[in-house]
Amino acid sequence: MDFLVLDNIPFPIDPEQLYKNLKIKKGGELVARLNHLVDKAQAIGRPKASYKAAFIESRGDDQVNVEGVMFTSRVLRVNLEKAHRVFPFVTTCGLELEEWSSSIDDLLEKYWADVIKEMALRAALKHLKEHLIDHFQPGKMSRMNPGSLADWPLPEQRQLFALLGGGPASIGIKLTDSFLMVPIKSVSGIWFPTEESFESCLLCPREKCPGRRAPYDPDLYERKYRPK
Ligand code: SF4
């Protein structure tokens with residue numbers, strides 16, 4: 001299957017939630033400035049996603065071959081034990097918001113624009129997951145992202161982008177020489193079907209991470225991923 005693009009993604013912003021996230025008092029003097037920014041972002045924002053459905057061809061101890069592209073990660077390998085079909089993907093806040101935010105000089109408004117771009121990215125991720133569930137009925141899914149664990153480091157972006165072909169470029173995502181994505185508010189990875197839900201945070205000891213989605217489980221690697 002070739003890559004597909006989703007570029008008509010709803011991007012709702014709940015102002016109440018945004019005021020709360022930014023600790024801005026309703027009715028305060030900053031609200032009008034923020035509302036102006038939100039209106040502009042919603043007028044131009046086009047979050048996007050690209051993905052493909054791909055089949056696993058073979059597995060080693062710490063490697064998985066997906067349609068001729070070899071990924072090296074023990075955790076990915078174990079997580080894909082029962083999977084046959086996976087969904088490599090990229091999502092982004094979109095170049096429209098990226099270019100708009102880079103034209104803002106005011107530091108406070110730049111920070112707000114960053115938070116809005118993050119919301120656009122989250123909307124793209126949520127939309128893609130719902131799309132995959134609607135179209136492929138994969139059952140429960142989890143995802144892994146290159147660079148979120150030492151076990152699956154950032155340079156594996158090269159393989160992921162190779163597998164996705166022209167998908168990332170078609171939605172304006174570029175990979176730098178250090179394997180970071182531009183726009184920076186982009187997420188890449190592989191969605192896979194699994195009965196047992198997985199988050200990289202379970203294996204990540206980083207303290208006080210604002211993005212943590214699950215508590216660190218210090219025994220999990222030994223229990224589940226250490227080769228016997
Ligand atoms: S705890 Fe934070 S740094 Fe670690 S995997 Fe989760 S989001 Fe990433």
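**Exercise 1. Backbone outliers**

Where is the place of Gln137 in the chain? Find its surroundings in this predicted model, and then examine the other unusual backbone geometries.

*Solution.* Step one is to locate the residue: Gln137 sits in the loop between H5 and strand S7 (141-144). Step two is to look at its backbone, where phi is positive, about 40 degrees, although Gln137 is not a glycine. As a point of reference, most residues other than glycine have a negative phi, and most peptide bonds are trans. Step three concerns the environment: Gln137 counts as exposed because it has 8 C-beta neighbours inside 10 Å, and the cut-off for this class is 12 or fewer.

Phe179 can be treated in the same manner. This residue belongs to the loop between S8 and S9, and its phi is positive, near 70 degrees, again in a residue other than glycine. With 17 C-beta neighbours inside 10 Å, Phe179 counts as partly exposed. A peptide bond completes the survey: Val182 and Pro183 are joined in the cis form, with omega about 0 degrees, and Pro183 lies in the loop between strand S9 (181-182) and S10.

**Exercise 2. The geometry and faces of helix H2**

Work out what span helix H2 should have, and determine which residues are buried and which are exposed along it.

*Solution.* Begin with the length. Helix H2 comprises 15 residues (30-44), which at 1.5 Å a residue should span 21 Å, and the 22 Å between its end C-alpha atoms agrees with this expectation. Next, collect the buried residues of H2, namely Leu34, Leu37 and Ala41. These cover an arc of only 60 degrees around the axis, and therefore lie on the same side of H2. The spacing can be understood from helix periodicity: an α-helix has 3.6 residues a turn, so residues three or four places apart point the same way.

Then turn to the face directed away from the buried side, where the exposed residues Ala32, His36, Asp39 and Ala43 are found. Finally, ask what the buried side meets: the buried residues of H2 pack against helix H4 (95-102) and helix H5 (107-136).

Two distances place H2 in a wider setting. Leu30, which lies in helix H2, is partly exposed, as 14 other C-beta atoms lie within 10 Å, and its C-alpha atom is separated by 9.8 Å from that of Tyr19, 11 residues away along the chain. By contrast, the C-alpha atoms of Leu37 and Glu81, 44 residues apart along the chain, are separated by 46 Å. Glu81 itself is in the loop between helix H3 (74-79) and S6, and it is exposed, with 9 other C-beta atoms within 10 Å.

**Exercise 3. Helix H6 and the surroundings of Val90**

Identify which residues of helix H6 are buried and what covers them, and then list the contacts of Val90.

*Solution.* First, the buried residues of helix H6 (residues 157-164) are Gln157, Leu160, Phe161 and Leu164. Viewed down the axis of H6, these fall within an arc of 95 degrees, so they line one face of the helix. Second, the cover over them includes strand S2 (48-51), strand S6 (85-92), helix H7 (167-170), strand S8 (174-175) and strand S10 (186-193). After H6 comes Gly165, whose phi is positive, near 60 degrees.

Third, consider Val90, a residue of strand S6. Val90 counts as buried, with 27 C-beta neighbours inside 10 Å. When neighbours within four places in sequence are left aside, its contacts include Leu164, together with Ala49, Ser50, Gly167, Pro168, Ile171, Ile173, Ser186 and Ser188. Val90 and Leu128, 38 residues apart in sequence, are 9.4 Å apart in space, C-alpha to C-alpha.

**Exercise 4. The chain as a whole and the ligand shell**

Assess whether the overall dimensions are compact or extended, and classify the residues around the ligand.

*Solution.* For 228 residues a compact globule would have a radius of gyration near 17 Å, and the 19 Å of the chain agrees with this. Along the principal axes, the C-alpha atoms fill a box of roughly 60 × 40 × 35 Å. The chain contains eight helices and 10 strands, and 30% of its 228 residues are buried. Of the contacts between residues at least 6 apart in sequence, 75% join residues at least 24 apart.

For the ligand, the surrounding residues are Ser148, Ser200, Cys201, Cys204, Arg206, Cys209, Gly211 and Arg212. Sorted by class, this shell has three nonpolar, three polar and two charged residues.

Methods. Residues numbered from 1 in each chain as written. Predicted model: local features only at pLDDT ≥ 70, side-chain atom pairs only at ≥ 80, totals over all residues. Near = placed C-beta within 6 Å. Nonpolar A, V, L, I, M, F, W, Y, C, P; charged D, E, K, R; others polar. Helix = DSSP H or I, 4+ residues; strand = E, 2+ residues; numbered from the N terminus. Expected span 1.5 Å × (residues − 1). Buried ≥ 20, exposed ≤ 12 C-beta atoms within 10 Å, placed from the backbone. Arc of directions from axis to C-beta. Contact = placed C-beta atoms within 7 Å. Rg over C-alpha atoms; globule rule 2.2 N^0.38 Å.
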